[in-house]
Each structure stands twice: as C-alpha cells, then as structure tokens.
Amino acid sequence: EARAAAAARLVPGTRVLGDVAALARDSAIDAVAVCTPPSEHALQASVVLDAGKHLFVEKPLALTRADCDAIVDHAEQASSAAAVGFNLRQHRLLQAAHAIIARGTLGRIDLVRSLFTTDARLTRDLPGWRNDRALGGGVLFDLATHHFDLWRWLLSSEVVEVTALSRSDGSHDTTASVTAKLSSGALATAQMAERTTPVNQIDILGERARMRVSLYDFDGLEVAPLSRLPGSLAARAQSILRTMRALPAGVNGALKGGDYAQTYARQWRRFADSILRGQPSAATLDDGRAAVRIAIAAVDSIAEGRPVLL
C-alpha cells in the first residue's frame, strides 16, 4: 500500500484501494490492469472477470498451464474485453514486417532468429520475484515470451517442439537459449540474457528474401533479396538509402519518445478501442497462454535434458 500511495502522488486525484477485490466491487471502475508479479495473475484476473470488468493482463499471462486455462475459462464466461500486454505487436517496424510476410515477399519461411538482451544496469535493483523462476522471474518468462509471441504472430504458425538450455547466475535463468520447430516447418532460435548490453532484434529468412528487424533503431527494418550479398557495395548503398527514407518517421517517432516507448501507448489505446469500439484485442488471452506454454516447455526441456513436444 505504501508503494501504491507513492505512485498515486504522481497523478493527483488518484484513489488508492487496498486490494483487487475492492477494485472489483467499485461500480465506477470499468477496466482493471493486472500489473503485479506473474504468480498473482491467475487469482486477480479471475476476480476482475467475475466482477464483469474489462481486463488487461501484463505478460506472462500466468506461470502454469492450469492457471492460464483458468483465466481463459473465466474470460469465456464473461462479456468483457480482455487483452495481454504484448506491446511489441504495436511496434511500427514489426507491424510493417507482419504485412510484408503476409504478402509473401519472403516466400516460405525457413528460419527465425531472435535476440533479446537487457542492460546490466536494469537488473541492479530488481524486486526479489524477478530473480525467481517460480514467481515469474528469469529471461524465459520475462523476456522470451515476447519473442515466442512474435514467432506465432509473424508466421501465423504454432510452436510444436522445444529444446532449451539456461544458465543461472545468482538468480534463475539469467541467460537462455531456445530452439523450436513450428507447425509450418520453420525452425526458430532465441537467445536471451540479462546483465549485458541491450539488443532486441529478430531475423527471418525465407526462400525468396531475408528480413531483419532491430527494434531499437528507427531504420531497423531491412528486407533484402537472396541475390544481394551482405557487405556488398549494393547492400551498403541500399542501407544508406533505407536510413534516409526512414529519417522522417524516425524524427517524428523521436519527438514522441521513440518507437519502442510508443508501443506501450499504442497497446493501451488498442485496449481502450476494444472496450469503446468493439475492436478485437491485439493480443488475446489465448495468445498469452500459447506463449506461456512455450516457456513451460523450455523449462521442462532444461530440467529433463531433452526436446519437449507441445
């Protein structure tokens, strides 16, 4: 409650309530965002849905298959809107990449490679739960679920097999590597790490062209035909041209805090639109459940030392 009061001082007029049940009883409240540690999501989301409120749940949706199923089951009995906080779906460059893939520009997708690492400075003062896998900490649940969701969303394909390794250094899963097979036949890899330098990118290789999306760069979307060799004079010229073409959008985005920061504002607007205008959620509870199932399969693979089928 002390932390809630401190947060409320940032927004004059904000009321502080002691628990989620008080939110659920308040008839003046239409929607509730569950932004607590993941181990609390299942109970709190169910209370919100049972009260008929619209629900936004930060990722990961929950930490067990049973808890994810419980949230989805509650939502199916409710008429309220529900969404999961996969903000990367709202990234300008990823939305462009989604459209390019849907048009068939890359052809059949053979390989996907994800890299998501965080700045060591961000991990110095983390709350205790962020170091404990059982509470939702570690890169598999905290970072990797973002890219597990991107694999499904960009390729319109489901993960069917997972193999994983991780290293724990004072806390669970500070570094992890995941290899997966998708129902389309594509193979995907993900490397995730805390306490290093910040990188967030995804490479997609198809039979006709390759694509790279770097989420921290305003000109971070690159599509190249297979005939264009990396490092060639033509590739370098295209890189310069791409940067020049992207500059106006980059400046506009920078004035609004940057493309990455805007993904959060866009996901909240999308959630509001789902309530006020009946638009579909950008990421559904089923999407949230699917990403968690992949993370759980990775944990099981680490524990058992073998591939795990979903």
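User: Hi! Let's start at the surface. What are patches made of here?
Analyst: Patches are made of residues that have over 30% relative accessible area and no salt bridge; nonpolar side chains are joined within 5 Å, like charges within 9 Å. One thing to keep in mind from the start: this is a predicted model.

User: Noted. Which residues make the nonpolar surface patch of about 220 Å²?
Analyst: Three leucines make that patch: Leu 111, Leu 187 and Leu 205.

User: Let's pick Leu 187. Where is its place?
Analyst: Leu 187 is in strand 7, which covers residues 187–196.

User: And does Leu 187 count as buried, partly exposed or exposed?
Analyst: Partly exposed, because its relative accessibility is 42%, and partly exposed means the range between under 20% for buried and over 50% for exposed.

User: Okay, sheets next. What is the order of the open sheet of 8 strands?
Analyst: The order is 10-9-8-4-7-6-5-11, and the pairing is mixed. The edges are held by strand 10 (221–225) and strand 11 (308–309); each has a single partner strand, so one side of each has no neighbour in the sheet.

User: Strand 4 has strand 8 on one side. How many bridges join them, and do they run parallel or antiparallel?
Analyst: There are 8 bridges between strand 4 (residues 109–119) and strand 8 (residues 199–206), and the two run antiparallel. As an example to click on, Ser 114 has Ile 202 in strand 8 as its bridge partner.

User: And in which sense do strand 4 and strand 7 pair?
Analyst: Strand 4 pairs with strand 7 in the parallel sense, over 8 bridges. You can follow this pairing at Leu 115, which has Gln 191 of strand 7 opposite, and at Thr 117, whose bridge partner in strand 7 is Ala 193.

User: Which strands does helix 9 lie across?
Analyst: Helix 9 lies across strand 5 (159–167), strand 6 (175–182) and strand 11, and runs at about 55 degrees to strand 5.

User: I clicked on Val 299. Where is its place?
Analyst: Val 299 is in helix 9, residues 285–304. Its relative accessibility is 14%, which means that Val 299 counts as buried.

User: Leaving aside neighbours within four places in sequence, what is Val 299 in contact with?
Analyst: With those neighbours set aside, Val 299 is in contact with Arg 133, Leu 140 and Phe 141.

User: How far is Val 299 from Gln 238?
Analyst: In space, 41 Å from C-alpha to C-alpha; in sequence, Val 299 and Gln 238 are 61 residues apart.

User: Back to sheets. What about the one with 3 strands?
Analyst: That one is an open sheet in the order 1-2-3, with parallel pairing. Strand 1 (31–34) and strand 3 (82–85) are at its edges with a single partner strand each, so each has one side without a neighbour in the sheet. Direction ignored, neighbouring strands in this sheet are turned by 15 degrees against each other on average.

User: How many bridges join strand 2 to strand 3?
Analyst: Strand 2 (residues 54–58) is joined to strand 3 by 4 bridges, and the two run parallel. Look for Phe 56 there, with Ala 83 of strand 3 opposite.

User: Which helix lies across strand 1, strand 2 and strand 3?
Analyst: Helix 8 (residues 259–276) does, at about 155 degrees to strand 2.

User: New topic: charges. What is the count of salt bridges?
Analyst: The count comes to 19 salt bridges. In general, side chains with opposite charge can pair when their charged atoms come close.

User: Which residue does Arg 89 form a salt bridge with?
Analyst: With Asp 287; the closest N and O atoms are 3.4 Å apart. Arg 89 is in the loop between strand 3 and helix 5 (92–102) while Asp 287 is in helix 9, so the pair ties together parts 198 residues apart in sequence.

User: Are those two buried or exposed?
Analyst: Arg 89 counts as buried because its relative accessibility is 6%. Asp 287 is buried too, with a relative accessible area of 12%.

User: What else is in their network of salt bridges?
Analyst: Asp 149, Arg 152 and Glu 158 are linked with Arg 89 and Asp 287 in that network.

User: And what does Arg 108 meet in a salt bridge?
Analyst: The side chain of Asp 110, at 2.8 Å from N to O. Arg 108 is partly exposed at 47% relative accessibility, and Asp 110 is partly exposed with a relative accessible area of 34%.

Terms used:
Residues numbered from 1 in each chain as written. Predicted model: local features only at pLDDT ≥ 70, side-chain atom pairs only at ≥ 80, totals over all residues. Heavy atoms only, no water. Areas by Shrake-Rupley, 256 points an atom, 1.4 Å probe, with all protein chains shown as cover. Salt bridge = Lys/Arg side-chain N within 4 Å of Asp/Glu carboxyl O. Buried < 20%, exposed > 50% of the residue type's maximum accessible area, 1.4 Å probe, protein only. Pairing = 2+ DSSP bridges. Axes fitted to C-alpha atoms, helices over the stretch in contact; angles between N-to-C directions. Contact = heavy atoms within 4.5 Å.
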